[in-house]
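Student: Please take a close look at the salt bridges in this model. Start with the chains that carry them, then go pair by pair, and finish with the surroundings.

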Amino acid sequence: MLINWEWIGRNLGSIGDSVTEHLVLTAPPVVFGFIVSFGLALLARRYRGLYQPLVRSTGVLFAVPSLAFFALLIPFLGLSRANAYVALTVYTLIVLLPNIVEGLDGVPADVTEAADAMGFSAVKRLLKVELPLALPVIIAGLRIATVTIIGLVTITAFIGFGGLGADILTGYNRAFPTQIVVGVTLTAVLSIVADVALLGLQRAVAPWRQEV
Amino acid sequence: MEVFVEGVLWIFDPDNWSGINAIPDRVREHVFYAVVALVVGAAIAVPIGLWTGHTGRLGNLAINIGNLGRAIPDLGIVAIAAVLIGFGILPVILALIALAIPPMLTNTYTGVRGVDADVRDCAVGLGFTGWRLLRQVEIPLALPLIFTGLRVSTVQVIATATISGFIGRAGGLGRYIFDGLSMFDTPRVVAGAILVALLGVLADVGLARLQRAVIPKGYAAALAEREAATTATRA
């Protein structure tokens, strides 16, 4: 029998803790990644020549395996939460940076010109005009980044965290399939729930654009 | 920074280039797992992607498998395969095959499906049918995306093959990382991490080169031009 339901019943509390821990490990990298990407995107829009090199560098960083990334950070940050956060944040950039730049670039010129003509300052134009119009594309990027990070958080089990990844690892160490299946299934469920929630947000902020 | 230097020195230490645990052997194992997984994965994913893309049938299935592949954690697939099948190399390679399939399947499907309807109609009007349409029109036009899928799968498979140093007790470069972690031998860990990272980046760069060589220059230029045109109208 692959699944021991009785074990699941007895351990609902600790399974809930794993889910919470998983979310605690997921949220900061996505938020930091968004802030960093937004800064880089503004820079890339100001200095166009920077854009391609920046995107290419994030691509190279993404090619570094996550486990290797955590290991490389050990000399600097140890087996700390900061280690996990830094590595995971870096992985969001490859999705978020291009999406923010594309989103802002996609704002029609007529609209930005109209804002200029109405006397909007650059900051006000960005916050009140360009950002709202770019949100569908930006949130599309956030969806991919969030799902990716929820999966990668499981690898932090090897440096002592992991959320549901810790369950997968413990289940493996004890050759106990139930715990692995619980970890895998709930990770997938978290990904899907996060994706659907962000899709809902996307539709709510841009009701005029249902197709994205 | 010091430990980083120690890691690099570890790689260049002649002692680590021979005997058991030698770097060339570990690299060879790692590459072997990755290549087997990618070849078998491609042999499964690409034909299905081509067929679903060409016929337009079961397209949602191709997309959903891709999304599901992203939602299910790699670690979990390897762990389940190891517990169910037992230790050794087989569960690792089976899990890596399962990982390699979704990006290649989704991208191949999207590439073939995305072929301009005018181009397809034109080819049909010229008398192209079935297999010839696929081989001479759709596949060449879908090549950039097929390569994208291959590159994503490759990077992921090389990265995840690292876990096999722990799960499955198999070889590969992951062994340096896990052996190092359990022996508190940080230079070994760092050396393993550098080697895996290098392998991943090199494979990606190599495939990018191959992509440039395989895709006709004119088509690549046309794609770039179309991209530039859309960016220009947006800016």
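**Salt bridges and their setting**

Tutor: Chain B exposes about 11500 Å² of accessible surface, and carbon and sulfur atoms supply 67% of that area. The model is predicted, and side-chain atom pairs were counted only at pLDDT 80 or more. Of the 235 residues of chain B, 45% count as buried. Its 10 helices come with zero strands, and its C-alpha trace spans about 65 × 45 × 30 Å along the principal axes. Contacts in chain B with a separation of 6 or more are 73% between residues 24 or more positions apart.

Chain A has nine helices, again with zero strands. Its C-alpha trace covers about 70 × 40 × 20 Å along the principal axes, and 50% of its 212 residues count as buried. Its accessible surface comes to about 9400 Å², with 69% on carbon and sulfur atoms. Residues 24 or more positions apart make up 75% of the contacts in chain A with a separation of 6 or more.

Next, the charges. Chain A carries 13 positive and 12 negative side chains, and the centres of the two sets lie 3 Å apart. In chain B, 17 positive and 16 negative charges have mean positions 10 Å apart. Side chains of opposite charge can pair when their charged atoms come close. Over all chains, the structure holds 14 salt bridges.

The pair to look at in detail is Arg48(A) with Asp105(A), whose closest N and O atoms are 2.7 Å apart. Arg48(A) sits in the loop between helix H2 (12-46) and helix H3 (51-63) of chain A, while Asp105(A) belongs to helix H5 (residues 81-105), so the salt bridge ties together parts that are 57 residues apart in sequence. The two partners differ in cover. Arg48(A) is partly exposed at 38% relative accessibility, whereas Asp105(A) is buried, with a relative accessible area of 4%.

A second pair in chain A joins Asp195(A) to Arg143(A), with 3.0 Å between the closest N and O atoms. Because Asp195(A) lies in helix H9 and Arg143(A) in helix H7 (residues 122-153), this pair links parts of chain A that are 52 residues apart in sequence. Here the acid is partly exposed, as Asp195(A) has a relative accessible area of 23%. Arg143(A), at 18%, is buried. These two values fall on either side of the cut-off, because buried means under 20% relative accessible area.

Chain B supplies a third example: Arg188(B) and Asp185(B) form a salt bridge, 3.2 Å from N to O. Arg188(B) counts as buried, at 15% relative accessibility. Back in chain A, Arg48(A) and Asp105(A) belong to a network of salt bridges with shared partners, which also takes in Arg45(A), Asp116(A), Arg125(A) and Glu130(A).

The stretch of chain B just before that third pair is also worth a look. Helix H8 (residues 174-183) of chain B has Gly174(B), Tyr176(B), Ile177(B), Phe178(B), Asp179(B) and Gly180(B) buried. The cover over these buried residues comes in part from chain A, through helix H4 (66-77). Chain B itself contributes helix H1 (2-12), helix H2 (23-55) and helix H9 (186-214) to that cover. Just after H8(B), Phe184(B) takes a positive phi of about 50°.

What does the interface of the two chains add to the salt bridges? Across it, the rule finds zero salt bridges between chain B and chain A. The contact involves 38 residues of chain B and 39 residues of chain A. The size of an interface is often given as the accessible area lost when the parts come together. For chain B and chain A that area is about 3100 Å², with 82% of it on carbon and sulfur atoms.

One more arginine of chain A can be placed for reference. Arg174(A) is in the loop between helix H8 (164-173) and helix H9 (177-205) of chain A. It is partly exposed, with a relative accessible area of 48%. Leaving aside residues up to four places away in sequence, Arg174(A) touches Trp7(A) and Gln179(A).

Note on methods
Residues are numbered from 1 along each chain as its sequence is written. Chains are lettered from A and ligands numbered from 1 in the order in which they are written. Side-chain values use heavy atoms; hydrogens and water are left out. Helices (H or I, at least four residues) and strands (E, at least two) are DSSP runs, numbered from the N terminus. Buried means under 20% relative accessible area, exposed over 50%, partly exposed in between (1.4 Å probe, protein chains only). Contact means heavy atoms within 4.5 Å. Accessible areas come from the Shrake-Rupley method with a 1.4 Å probe; for residues, only the protein chains shown count as cover. Lys and Arg count as positive and Asp and Glu as negative; His and the chain ends are not counted. The place of a charge is taken as NZ of Lys, CZ of Arg, CG of Asp or CD of Glu. Buried area is the accessible area (1.4 Å probe) that two parts lose on being put together, summed over both. A salt bridge is a side-chain nitrogen of Lys or Arg within 4 Å of a carboxyl oxygen of Asp or Glu.
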